[in-house]
Amino acid sequence: MASCSVTSATALGEGQTPSQKREERLLKFRDLHLKRNEARKLNHQEVVEEDKRLKLPANWEAKKARLEWEVAEDAKKKECADKGEDYHRVKLLEITADDAERFERKKKKKNPDQGFAGYAEAQFRQYQRLTKQIRPDFEGYEKQREECGVDFHPTSNSLIHGTHVPSKDGIDRMVDDVEKQIEKRAKYSRRRAYNDDADIDYINERNAKFNKKAERFYGKYTAEIKQNLERGTAV
Amino acid sequence: MASTAAGKQRIPKVAKVKNKAPAEVQITAEQLLREAKERELELLPPPPKQKITDEEELNDYKLRKRKGFEDNIRKNRTVISNWIKYAQWEESLKEVQRARSIYERALDVDHRNITLWLKYAEMEMKSRQVNHARNIWDRAITILPRVNQFWYKYTYMEEMLGNVAGCRQAFERWMEWEPDEQAWHSFINFELRYKEVDKGRSIYERFVLVHPEVKNWIKYARFEEKHGYIAHSRKVYERSVDFFGEDYVNEHLFVAFAKFEEAQKEVSD
């Protein structure tokens, strides 16, 4: 810093008195002070801002973007209502073809449980679920292709039956899968709450369950008859 | 006379009913049941919790339980749940040989019961006894070939073990029985999982002959289309038109064929 003040003084001219030179240097010095203060202030402001940014919740950016989008949507809806157009049609005209494809794929079928239809159907449903989750082991597949040769595509009479020795990984995979199936099965029936003040029409627990079963199947048909009996007379 | 007099004194005389009219307040059946439940006559205190400390106590416990199970079976051998509970208990003790013997005895009682076979095979699979499990599945599919669950579970097990050739052979054996359409589709999907499109094609060929319905021919053609074999797809449509001839003209086939051709023109132009 001292050197540049010296050079600029010499650049200005030889006819500068020492006091003027001193003046200039002091001015420069003050400028530098001001600059430093300015720098410190700006730095401090940045630090404060960064601190605030770090303290924000994780997805503030995402939330803000979503809020802004919602505001824009509302504005557009109002606009459409004012003009008398259908908001949805306008929206549909705007989305591109591959976007539309993506949305369709995202909606993919949920396959809700329709209740018990039969043991075979239930097992088939389980089979569908399990096979959808299979990640085939292509390496092992190629290895087996090499080992088997022609028998890789056997007929029902091929002599490979009973010759396969599974690897430990294979057995582990099978056992894990079986255990997962058993776990899932255990959760199928849930414990029902006991209704204390429901009428007692049974003589022991087994009878209670049977009565509940009968009620399930015949309840909707016998409701009227029961009411009549309760009342004592038919309506 | 003396005996009867003595007899009458020992047995209290039943009170002679004078008024045979019904009482004003009659008790109902529900009230009887409610009162009976409240008295809790049949509620027993729970048995004391016993901890098994040494081997002798363990053997005693096992003996008692086994006797209990065998008694239940002797009371009623056709109730399969008795057998299954017994076998599951032995399995929980890791007594696999005993469990096997119980399952075999149960199969002697009723070999057509599906849950027995399923539980038996599951026990072998859980105990990592692969060849035993294969044997059980093999017997099950031989004795009850029309029960689809066995086939599905057998092929799934072979696939899990990584024995794809064996899985294929099981499927081939199944297809010999010409099962329902879903079974064929499961076979085709299995081949497609390993990207064997040619194998899938050959299965479809057999499928449309076993289940010669229009919708299956259309499915075959669309399968070819999906995998990009347009010429094959067209050939399939043409063959199906010939197959059904003039007697079994079906509009769905022609509509599907037309849609396919239209789609082709759109793609090429």
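How much area is buried between chain B and chain A? In this predicted model, the answer is about 4100 Å², and carbon and sulfur atoms give 58% of that area. The size of an interface is often given as the accessible area lost when the parts come together.

**Where the chains meet**

Counting residues gives another view of this interface: 41 residues of chain B are in contact with 47 residues of chain A. If you would like a few names to look up on the chain B side, try B:Tyr156, B:Met160 and B:Gln169. Together they supply 17% of the area that chain B buries against chain A, more than any other three residues.

**Chain A**

Let us take the partners in turn. Chain A has 9 helices and 0 strands, so its radius of gyration is best read next to the globule rule: the value is 41 Å, well over the 18 Å that the rule gives for 235 residues, and chain A is therefore more spread out than a compact globule. Its C-alpha atoms fill a box of roughly 125 × 75 × 50 Å along the principal axes. Among contacts in chain A between residues at least 6 apart in sequence, 17% join residues at least 24 apart. As for charge, chain A carries 51 positive and 45 negative charges, and their mean positions are 2 Å apart.

**Chain B**

Chain B is built from helices too, with 14 of them and 0 strands. The radius of gyration here is 34 Å, whereas the globule rule gives 18 Å for 269 residues; the value is well over the rule, so chain B is more spread out than a compact globule. The C-alpha trace of chain B spans about 120 × 65 × 35 Å along its principal axes. Of the contacts in chain B with a separation of 6 or more, 44% are between residues 24 or more positions apart. Chain B has 48 positive and 45 negative side chains, with the centres of the two sets 11 Å apart.

**Burial and surface**

Here are the burial and surface values for each chain.

| Chain and property | Value | Further detail |
|---|---|---|
| Chain A, buried residues | 15% | of 235 residues |
| Chain B, buried residues | 40% | of 269 residues |
| Chain A, accessible surface | about 20800 Å² | 55% from carbon and sulfur atoms |
| Chain B, accessible surface | about 17000 Å² | 54% from carbon and sulfur atoms |

To return to the opening question, the area between chain B and chain A comes to about 4100 Å², with B:Tyr156, B:Met160 and B:Gln169 as the leading trio on the chain B side.

Note on methods: Residues numbered from 1 in each chain as written. Chains lettered and ligands numbered in written order. Predicted model: local features only at pLDDT ≥ 70, side-chain atom pairs only at ≥ 80, totals over all residues. Heavy atoms only, no water. Helix = DSSP H or I, 4+ residues; strand = E, 2+ residues; numbered from the N terminus. Rg over C-alpha atoms; globule rule 2.2 N^0.38 Å. Buried < 20%, exposed > 50% of the residue type's maximum accessible area, 1.4 Å probe, protein only. Contact = heavy atoms within 4.5 Å. Areas by Shrake-Rupley, 256 points an atom, 1.4 Å probe, with all protein chains shown as cover. Lys, Arg positive; Asp, Glu negative; His and termini not counted. Charge placed at Lys NZ, Arg CZ, Asp CG, Glu CD. Buried area = accessible area lost by both parts, 1.4 Å probe.
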